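Trainee: I would like a close look at one part of this model. Could you take me through it slowly?

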Amino acid sequence: MFKPKDFRDKACIVGIGETTYSRKSGMTNMTLQMTACARAIEDAGLKPSDIDGVLPQSMGLTAEDMATNLGVKDLRFSSSVSMGGASPCAAIQNGVLAVASGVCNYVLLVSGRNGYSGARTGAALSPAGPMRTMFEFEYPYGLVVPMLWYGPIARRHMHLYGTTSKQFAEVAIAARKHAKMQKNAQMKDEKEITLEDHQNSPLLADPFRLLDCCLQTDGAAAAVITTPERAKDLKRKPIYISGFAEAHPDSPSSTTQRPDITRFGVAKCADRVFEMAGMTRKDIDVAEIYDCFTFTVINQIEDIGFCKKGEGGPFVESGRIQLGGELPVNTHGGLLSQGHIMGMNHVIEAVKQCRGASDAQVKDAEVALVSGYGDFGDGALAILRR
Amino acid sequence: MTTQAAPPAPKPLPTPLPDTQPFWDFCKKGELRFQKCSKCHTFRHYPRPMCPSCGSFEYTWEQVAPKGKVHTWVTAMRAFHPGFEKEVPLPIVIVDIEEAPGIRIMSNFNDGTKHTDLKIGMPVTIVFEEISGVQDRAQVTYALPKLRKA
């Protein structure tokens, strides 16, 4: 029998690729995602037809589409995770298990969409599937977009722990500061955000203001996963996947029925992912934390265990999560200021940090943590190292 | 010349399945009922076939007093759906049901209570409000649980 920690460092990321993050890609969704795929394969030093496992993570691209575009002769493994924004990070688990078991050799993980010029997030929701009960029991009361799903959680957190909107602002300020250092970020040419800008931005879903909300983006990103043995023959230094996990909150199909509405899925898998990696929170040099909303970062910082429950608000103050701070968070600018491609850009940035190749590089970074967050509190974590 | 105001956009309706239909049928009779496990007596919501505490498929629809307390809320400051255009700012409220431990409902106030009046822990009464519309090309009516300040 295997134990999770038997899979520590048994797979690695050997190639990454991204498109420009913009509001108008000018390409079809399939062209966009396959462009990111081709760049990741090229970065790894592989041929498209070398890929024999695929992990498509967005609507509009299937395993069959990927195999026919890449010219794969014998596709041995395919899987799509249904965890909203947690899907790309959670799919790392599927990729590692597929290559470490020998089921296939090179797995291609991709996510992306025309999220601005095509169908927007709210319009893409469907009552079929994991959101069914929300559509029956919550949608009729006006709970029709994600900022309304998570607003009640943020308010409860503010009530229980005294968390403030000004603390939310710290997350937006750090994300914009980092995005301005990046060559590929939707908001790279916009001005820095001040506390006043944040507090003066309109309330949309009280307690969330405009600057608490992520962007909508056209873009795609991809990564190639293989074993360390195969990586020896490739051109890039491998970035090891030391730990990986997915987790789901209590009552995963609705936020309303869980005993503690502020406890996300990642709270359940944090200890096991650190144990798997043989690391502690102190080993993390940089964290790319899923940031559909500013509050979502604060709550995950607590649930991952970087501080105690309720202390996430004070934790993000005083520049602690900015480059140069104790725990730099979302050095690419995140969903808030780089782009929203379901968190695949968080995986890419973690790889770049471990390679020493980010435009907002954390000095001597060796270990990066990635989180995914989606639907009604689903979560995923991965710990990468060079 | 007279001008006619455009009819208001329809609001979204519940989308019941056979497992959830009884909840709405009881609402139409003015009764707030939740599934309660016949074996371990645990309440559950939203409706589903199995008890998550003991795995039993046996349950009753237990009537509870229409009383609860505000657990938390979010206020839609804009109409994110055209059906709610005349109601913003619209508080969307999660309520702990007093006689069904662990059970919450989501709802809106229908007595003019504003988002600025709300406090966590505030007692509320649940009432039922009829909503009609077209679903699968048929005219349908539901009774939605709504809130009043207690």
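Trainee: Let's look at chain A. Among its contacts between residues at least 6 apart in sequence, what share joins residues at least 24 apart?

Mentor: Happy to help! This is a predicted model, in which local features need pLDDT of at least 70 and side-chain atom pairs count only at pLDDT 80 or more, while totals for chains, interfaces and linings use all residues. Residues are numbered from 1 along each chain as its sequence is written, chains are lettered from A and ligands numbered from 1 in the order in which they are written, and side-chain values use heavy atoms, with hydrogens and water left out.

Now to your question: in chain A, 74% of the contacts between residues at least 6 apart in sequence join residues at least 24 apart, a contact being heavy atoms within 4.5 Å.

The secondary structure of chain A consists of 13 helices and 11 strands. These are DSSP runs, numbered from the N terminus: helices are H or I with at least four residues, strands are E with at least two. Chain A is as compact as a globular protein of 386 residues, because its radius of gyration is 19 Å, close to the 21 Å of the globule rule. That radius is taken over C-alpha atoms, and the rule is 2.2 Å times the number of residues to the power 0.38. Along the principal axes, the C-alpha atoms of chain A fill a box of roughly 55 × 45 × 45 Å.

What about the inside and the surface? Of the 386 residues in chain A, 65% are buried, meaning under 20% relative accessible area (1.4 Å probe, protein chains only). The accessible surface of chain A is about 13,700 Å², with 51% belonging to carbon and sulfur atoms; the method is Shrake-Rupley with a 1.4 Å probe. Chain A carries 42 positive and 43 negative side chains, and the centres of the two sets are 2 Å apart. Lys and Arg count as positive, Asp and Glu as negative, with His and the chain ends not counted; each charge is placed at NZ of Lys, CZ of Arg, CG of Asp or CD of Glu.

Chain A also meets chain B, with 32 residues from chain A and 37 from chain B in the contact. Together the two chains bury about 3,100 Å², 64% of it on carbon and sulfur atoms. Buried area is the accessible area (1.4 Å probe) lost on putting two parts together, summed over both. Phe137(A), Tyr141(A) and Gln257(A) supply 26% of the area that chain A buries against chain B, more than any other three residues.

Notes. Buried < 20%, exposed > 50% of the residue type's maximum accessible area, 1.4 Å probe, protein only.
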